Amino acid sequence: MAEKYDAIVVGAGHNGLTNAAYLAKAGLKVVVLERNGYIGGAAVSRELYPNWKYTNCSYVCSLLRPEIIRDLRLPSQGLQVVPYGGGVTFMQNGDYFGNHTDHERHHRELARHSKRDADAYSRYEADVMKQTRIIRPFLMRTPPDPTSLKPRDIRELIGMAKAFGGMGEVGLADTMRFWTMSIGDFLEEYFESDVVKAHLAGSGIIGTALGVYSPGTAYVLLHHYMGDVDGSIGSWGLARGGMGAVSNALAGAFKSFGGTVQCDSEVAQIIVKNGKTVGVALTNGDEIHGRIVVSNLDPKRTFLKIMQETDLPKDLVSKAKNFKIRGSSGKLNIALDGLPTFNGLPKESPLCLGEKHFIDSLPRMERAYDDWKSGTWSKDPYVDMLIPTQVDPTMAPPGKHMMSVFVQYAPPKIDGRDWTSEDRDAFGKTVIDQISSYSPNFKDLILHCEVRSPQDIENEVGLTEGNIFMGELTFDQLLFNRPFPGYAQYRVPAVKGMYMCGSGTHPGGGVMAAPGANAAREILMDLNRASLVPRGYDDD
Amino acid sequence: MIPHNESMILHTPFHSRCEAACEVNLWEDWKGYTTPQVFTEIDMEYFAVRNSTGVFDLSPMTKYRISGSDSGAFINKLITRDIRKLAVGRVSYVLWCDGEGKVMDDGTIFRLSENDYRLCCYTRALDWLMWTAEGFDVTICEETAEVAALAVQGPTSCAVLKAMGFSGIELLKPFGMAYFNFSGSQLMVSRTGFTGDLGYEVWMEPNLGEIFWDALFDAGKLYGIRAIGSSALDMLRIEAGFLQAGVDFVPADEAIRSGRSRSPFELGLGWLVSFDKPVFNGRKALLKERAQGSRYAFVYLDVEGNKPAEHAFVYHADIEVGTITSAAWCPTAKTNIAFAQVDARYGSKGQSLIAEIYYERELKWTRVMASCKVIDGPVFAPARRRQTPAPNF
Ligand SMILES: Cc1cc2nc3c(=O)[nH]c(=O)nc-3n(C[C@H](O)[C@H](O)[C@H](O)COP(=O)(O)OP(=O)(O)OC[C@H]3O[C@@H](n4cnc5c(N)ncnc54)[C@H](O)[C@@H]3O)c2cc1C
């Protein structure tokens with residue numbers, strides 16, 4: 001006899017867990033089915049080397065909605081987000097740019113590279129903040145359907161129009177430009193120093209199969225600025241214990257509401273009968289029944305892998321096929337016997353705690369993208385490297401360290417073929433060599449290294465092509481277009497009981513929990529239940 | 001490659017002396033420099049300026065050197081006031097706007113020679129200066145750290161500087177400047193300040209800082225000289241009616257929310273706008289505003305009672321019409337003064353308004369709805385501020 005639930009959530013990523021937690025809190029009987037033997041998806045901490053915890057995929061936290069942290073009482077489930085300071089971009093000439101968190105030191109350091117840039121920074125900061133303020137109120141809301149005449153959609157659209165209208169004509173024009181322009185062009189309007197531009201441009205390409213001069217990358221920067229740590233907008237923090245702490249806390253909350261998490265349970269098929277979901281079939285042949293099925297998977301996997309084309313409207317299938325979800329990032333996680341030193345950077349500098357980059361101009365970054373386009377990893381990559389154990393004592397033995405290295409760019413396939421283990425080794429070597437040329441003792445400290453290509457990320461996490469955001473963050477795939485026009489309200493209108501809750505839905509990728517929570521609000525509304533999902537905090 | 005300066009916070013050229021004088025050890029971060037908030041006691045420092053001489057280290061003020069054959073034309077494009085008539089050796093109080101006619105900052109322009117000017121201001125403006133400089137034959141150099149400065153202010157300030165041997169200083173007119181030899185070098189003295197009193201600002205090379213301080217305090221011993229911190233200065237500038245960027249208005253390029261920046265008219269600084277000039281930044285927008293009227297008015301309020309109206313809402317009858325940006329009880333004028341931004345309809349002289357003031361006594365908060373009146377100018381403007389020759393005390 002198959003087990004029967006009110007709702008089945010496919011995938012124990014942080015969004016699936018958030019969604020499940022709200023459904024369970026509302027009193028539904030909920031199961032989360034996870035393919036892996038562990039939960040978390042791309043928000044996971046695993047011990048792949050004895051006594052070291054790796055934050056295997058995601059590694060820094062800012063987007064996670066404070067409303068949800070508080071509402072689900074995640075701190076009491078062990079979640080703590082600790083801010084860290086600064087960042088450094090090392091330069092080929094032996095110098096570096098240090099992104100100090102202290103406002104005045106930051107100004108002084110900018111002035112070392114260009115006095116004009118130092119003074120331009122306040123204008124840059126204000127302009128980015130203007131855009132951030134527009135997007136933030138929409139994070140905890142369901143996007144309106146611009147073609148609908150439902151009162152709620154019209155109300156939301158009016159709200160949106162007001163937000164944009166409040167900016168005035170000039171502001172609106174700036175916003176339209178901002179959402180469509182390249183990060184390179186955007187930065188050129190403020191700065192003259194190569195290294196300053198390179199440092200800031202990183203946020204425009206992380207996780208994105210676009211180059212610094214590709215239209216649309218300015219928005220990607222915004223996606224990295226719209227979060228906050230304790231109200232400090234644009235700041236990033238470390239989840240104590242790695243990003244798995246986020247998923248573990250969410251699972252704890254979910255279980256406290258009576259929910260069940262079932263690992264090693266890969267869903268092969270969502271079962272649809274007479275236009276209604278009735279449950280799922282696992283790869284091991286088990287069937288689990290429930291009237292509501294919520295997919296935490298990306299839109300391609302959801303509609304093309306675990307659903308049947310014949311159960312879906314044609315436009316949905318073709319939209320899913322054409323969904324842009326190109327992989328472009330790899331990751332190294334490294335166990336270190338001690339703390340590496342970096343050329344020219346004093347050991348006591350607060351900058352040591354922050355991220356490090358080793359690419360100092362936009363043209364170099366564009367060349368890194370050229371390699372991706374020609375089907376190979378960047379030979380001179382943009383890396384976002386962090387040693388969280390300088391702040392977090394829980395991830396490695398005392399005096400030892402864990403290094404997280406995010407790498408842009410790496411293609412999902414090498415010249416159209418699968419990655420081989422030789423490719424993976426060579427990719428890892430490229431990255432390690434780049435870091436070594438700025439850190440003389442780094443190589444000698446390596447005890448163990450996990451190298452993950454986009455293909456590995458796809459295989460292990462189930463993100464199609466290894467795209468970290470579950471679909472690219474370009475305007476054609478954002479807001480009421482995410483994942484597709486007509487399907488941005490988390491439900492699949494043609495299939496009763498079928499919902500989406502992953503990063504492929506609004507407001508998109510990153511460890512944010514907003515898609516999961518927004519989807520839960522829609523589901524509860526369809527069930528005529530009171531919404532338990534908190535409203536977003538106001539900035540003003 | 002410019003070497004890194006790893007110090008967390010910088011010292012001004014007068015730091016060793018400030019440190020020795022700063023009895024209460026209360027410091028703050030002013031543009032990356034550590035500067036005293038209070039040396040000994042706020043009231044004592046305040047009264048030094050109103051009764052004898054107070055000395056304030058203003059070295060962190062941002063300074064730009066503007067030179068080149070087009071420097072005058074460039075400055076006239078930048079600022080709203082017409083400086084074509086500013087003679088060499090004179091100083092002018094100015095402000096500048098963005099393209100929408102909103103105030104970015106105010107400051108002082110020193111005409112050092114025919115084609116050589118110094119701009120001294122609160123915010124950092126190099127980026128905007130460079131944008132505006134396009135097409136002009138002008139060189140702009142930031143020289144904040146290269147010029148040390150002390151404000152020497154108060155009724156005995158002229159006497160102190162005379163005692164230092166700066167003969168003829170009493171003949172220096174307000175907004176004039178003069179050079180004096182000091183310790184084998186030269187320094188510049190301008191009759192300017194932020195206190196509304198008789199006073200001077202002394203500009204020098206940083207390496208003269210310590211010996212100048214020592215000589216100044218030696219000469220001032222018999223004239224009641226005292227170092228003052230930013231807290232006393234704040235009281236002084238409010239009493240004298242001076243606005244401060246970032247406090248009384250949001251510098252236009254830093255404003256995030258639309259409608260938060262202000263035009264010169266909306267800050268009561270319309271007298272600094274000269275439409276006689278054919279071009280300057282913001283002219284078109286300001287012409288339009290002059291024709292159509294302003295949305296906001298900056299007003300000085302005389303507030304009933306003695307509770308400073310800090311951060312108070314301002315009402316007319318039941319309607320909220322504005323907010324207070326600066327407020328203080330003024331010990332010399334014996335007035336409770338406040339600066340407010342109000343809806344322009346409530347900004348005329350004599351208008352009665354109400355300030356909602358909260359104050360605390362032994363953990364108990366009390367609210368007063370204090371009547372206030374819009375007054376036409378600062379409450380403190382002593383004759384000595386403008387007299388030439390300057391009085392001795
Ligand atoms: C390398 C990397 C670095 C990143 N860095 C950051 C960062 O620093 N900060 C940040 O905010 N974001 C970062 N991100 C993005 C962020 O981690 C993701 O966008 C987010 O975690 C996705 O969460 P999700 O719940 O939507 O999906 P996922 O985490 O992908 O969860 C989907 C889950 O579904 C499971 N699953 C898949 N198929 C099946 C099936 N058939 N049956 C059952 N279960 C299935 C998967 O195993 C997985 O657990 C990073 C991502 C990657 C890959």
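## A walk through chains B and A

Start by selecting chain B and showing its surface: chain B exposes about 17,000 Å², and carbon and sulfur atoms supply 51% of that area. Keep in mind throughout that this is a predicted model.

Now switch chain B to cartoon. You should find eight helices and 19 strands. The radius of gyration is 21 Å, close to the 21 Å that the globule rule gives for 393 residues, so chain B is as compact as a globular protein of that length. If you like to draw a box along the principal axes, the C-alpha atoms of chain B fill one of roughly 65 × 55 × 45 Å. Colour chain B by accessibility next: buried residues make up 54% of its 393 residues. A contact map is worth a glance too, for among contacts in chain B between residues at least 6 apart in sequence, 67% join residues at least 24 apart.

**Three stops in chain B**

Select B:His311, in the loop between strand S14 (296–303) and strand S15 (313–316) of chain B. Its phi is near 55°, a positive value in a residue other than glycine. Is B:His311 buried or exposed? With a relative accessible area of 71%, B:His311 is exposed, because exposed means over 50%.

Move on to B:Leu363, which sits in the loop between strand S18 (352–361) and S19 of chain B. Here, too, phi is positive in a residue other than glycine, near 70°. B:Leu363 has 75% relative accessibility and counts as exposed.

Follow the chain past strand S19 (364–375) to the segment after it, where B:Pro389 has its place. Display the backbone there: the peptide bond from B:Thr388 to B:Pro389 is cis, with omega near -5°.

**Over to chain A**

A cis peptide bond can be inspected in chain A as well, joining A:Arg482 and A:Pro483 with omega at about -5°. To find A:Pro483, look in the loop between helix H16 (454–461) and strand S20 (498–500) of chain A.

Next, select A:Asn333 in strand S15 (residues 329–336) of chain A. A:Asn333 counts as buried, at 0% relative accessibility. Show its side chain together with that of A:Lys331, and you will see a polar contact of 3.0 Å joining the two. Which residues does A:Asn333 touch, not counting those up to four places away in sequence? They are A:Tyr54, A:Thr55, A:Asn56, A:Met403, A:Ser404, A:His448, A:Cys449, A:Glu450 and A:Arg452. Try a distance label on A:Arg452: from C-alpha to C-alpha, A:Asn333 and A:Arg452 are 8.5 Å apart in space, although 119 residues separate them in sequence.

**Into the cores**

In soluble globular proteins, nonpolar side chains tend to be buried together. For the largest nonpolar core here, which has 107 residues, select A:Leu23, A:Val30, A:Leu79, A:Tyr124, A:Phe186, A:Phe191 and A:Met365, the residues that touch the most other members. Then centre the view on A:Met365. Not counting residues up to four places away in sequence, A:Met365 touches A:Ala198, A:Ala201, A:Gly202, A:Ile205, A:Val212, A:Ile359, A:Tyr382 and A:Tyr409.

For the last stop, go to a second, separate core of 33 residues, and select B:Cys18, B:Leu161, B:Met204 and B:Leu208, which are among its members.

Definitions and conventions. Residues numbered from 1 in each chain as written. Chains lettered and ligands numbered in written order. Predicted model: local features only at pLDDT ≥ 70, side-chain atom pairs only at ≥ 80, totals over all residues. Heavy atoms only, no water. Helix = DSSP H or I, 4+ residues; strand = E, 2+ residues; numbered from the N terminus. Buried < 20%, exposed > 50% of the residue type's maximum accessible area, 1.4 Å probe, protein only. Contact = heavy atoms within 4.5 Å. Polar contact = N/O pair within 3.5 Å; in protein donor to acceptor, adjacent residues only side chain to side chain. Core = buried A, V, L, I, M, F, W, Y, C linked by side-chain atoms within 4.5 Å. Rg over C-alpha atoms; globule rule 2.2 N^0.38 Å. Areas by Shrake-Rupley, 256 points an atom, 1.4 Å probe, with all protein chains shown as cover.
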